[in-house]
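Subject: Structure handover

Hello,

Here is the structure we talked about handing over. My notes on it follow below the model.

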Amino acid sequence: MAQREILRFGDKRLREHSEEVTVFDEELWELLDDMHETMAAADGIGLAAPQVGVAKRVVVIDLGDDTGKIELINPVITAMRGKQLEPEGCLSYPKKRGVVKRPAKIKAKAFDRYGKLMVYKAGGLLARAFCHEIDHLNGILYKDKVIEWTEDEEDAE
């Protein structure tokens with residue numbers, strides 16, 4: 001495992017539409033392991049492959065709770081309902097937070113690292129993480145959706 005560099009806003013690769021994964025092999029597993037390590041080192045809860053310069057439809061999420069580590073390959077949100085307005089941050093835009101409108105609950109499907117189709121139901125923070133990271137796969141950045149910027153983390157100290 002290795003930590004990878006996280007791309008920052010302004011890098012054009014963050015705006016690219018990611019390609020579907022068709023091969024579930026050791027190269028994919030290495031990417032997933034590296035993404036988990038990179039996310040943990042950056043104190044994040046989610047990371048999409050485009051954020052580490054890989055234009056593949058791959059996401060890792062870990063809220064640090066009982067949900068555990070989640071790996072999403074070729075994820076698709078299949079249903080959503082309700083709404084929530086909560087602040088979000090992004091590892092590609094450190095020390096900035098802004099309120100974003102997201103669905104309160106989602107249902108999604110994705111493959112795991114071995115190619116097994118999984119179905120997920122999520123609400124609250126986990127639903128926001130799914131939406132935020134899947135947006136990255138489509139070249140959409142949370143700053144595009146911010147309704148109101150909150151304080152910079154360094155200003156709040």
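Strands here are DSSP runs of E with at least two residues, numbered from the N terminus, and helices are runs of H or I with at least four. On that basis, G53 sits in the loop between β1 and β2. Please keep in mind that the model is predicted.

Overall make-up

The protein has three helices and eight strands. Their order along the sequence is α-β-β-β-β-β-β-β-α-β-α. The C-alpha trace spans about 45 × 35 × 30 Å along its principal axes. For 157 residues, a compact globule would have a radius of gyration near 15 Å, and the protein has 15 Å, so the two agree.

Of the 157 residues, 44% count as buried. Among contacts between residues at least 6 apart in sequence, 65% join residues at least 24 apart. The protein exposes about 8,500 Å², and carbon and sulfur atoms supply 47% of that area. As for charge, there are 24 positive and 30 negative side chains. The centres of these two sets lie 8 Å apart.

Strands β1 to β3

Strand β2 covers residues 58-62. Four of its five residues are buried, so β2 is largely enclosed by the rest of the structure. The cut-off for buried is under 20% relative accessible area.

β2 pairs with β1 (residues 46-48) through three bridges, and these two strands run antiparallel. Within that pairing, G46 of β1 stands opposite I61 in β2. Five bridges join β2 to β3 (residues 69-81), again in an antiparallel arrangement. There, D62 has K69 in β3 as its bridge partner. The hairpin of β2 and β3 has six residues between the strands, and G64 takes a positive phi near 75° in it.

Loop residues

Which residues does G53 contact, leaving aside its neighbours within four places in sequence? They are L7 and R13. G53 and R13 are 40 residues apart in sequence, yet their C-alpha atoms are 6.7 Å apart in space. G53 is partly exposed, with a relative accessible area of 36%.

Two residues other than glycine have a positive phi and may deserve a look in the viewer: D43 and K95. D43 has phi near 60°. It is placed in the loop between α1 (26-41) and β1. Is D43 buried or exposed? Its relative accessibility is 71%, and the cut-off for exposed is over 50%, so D43 counts as exposed.

For K95, phi is about 70°. This residue is found in the loop between β4 (84-88) and β5 (98-102). With a relative accessible area of 45%, K95 is partly exposed, because that class runs between the 20% and 50% cut-offs.

In short, the points I would look up on the model are the enclosed strand β2, the contacts of G53 with L7 and R13, and the positive phi values of D43 and K95.

Regards

Key:
Residues are numbered from 1 along each chain as its sequence is written. This is a predicted model: local features need pLDDT of at least 70, side-chain atom pairs count only at pLDDT 80 or more; totals for chains, interfaces and linings use all residues. Side-chain values use heavy atoms; hydrogens and water are left out. The radius of gyration is taken over C-alpha atoms; the globule rule is 2.2 Å times the number of residues to the power 0.38. Buried means under 20% relative accessible area, exposed over 50%, partly exposed in between (1.4 Å probe, protein chains only). Contact means heavy atoms within 4.5 Å. Accessible areas come from the Shrake-Rupley method with a 1.4 Å probe; for residues, only the protein chains shown count as cover. Lys and Arg count as positive and Asp and Glu as negative; His and the chain ends are not counted. The place of a charge is taken as NZ of Lys, CZ of Arg, CG of Asp or CD of Glu. Two strands pair if DSSP finds at least two bridges between them.
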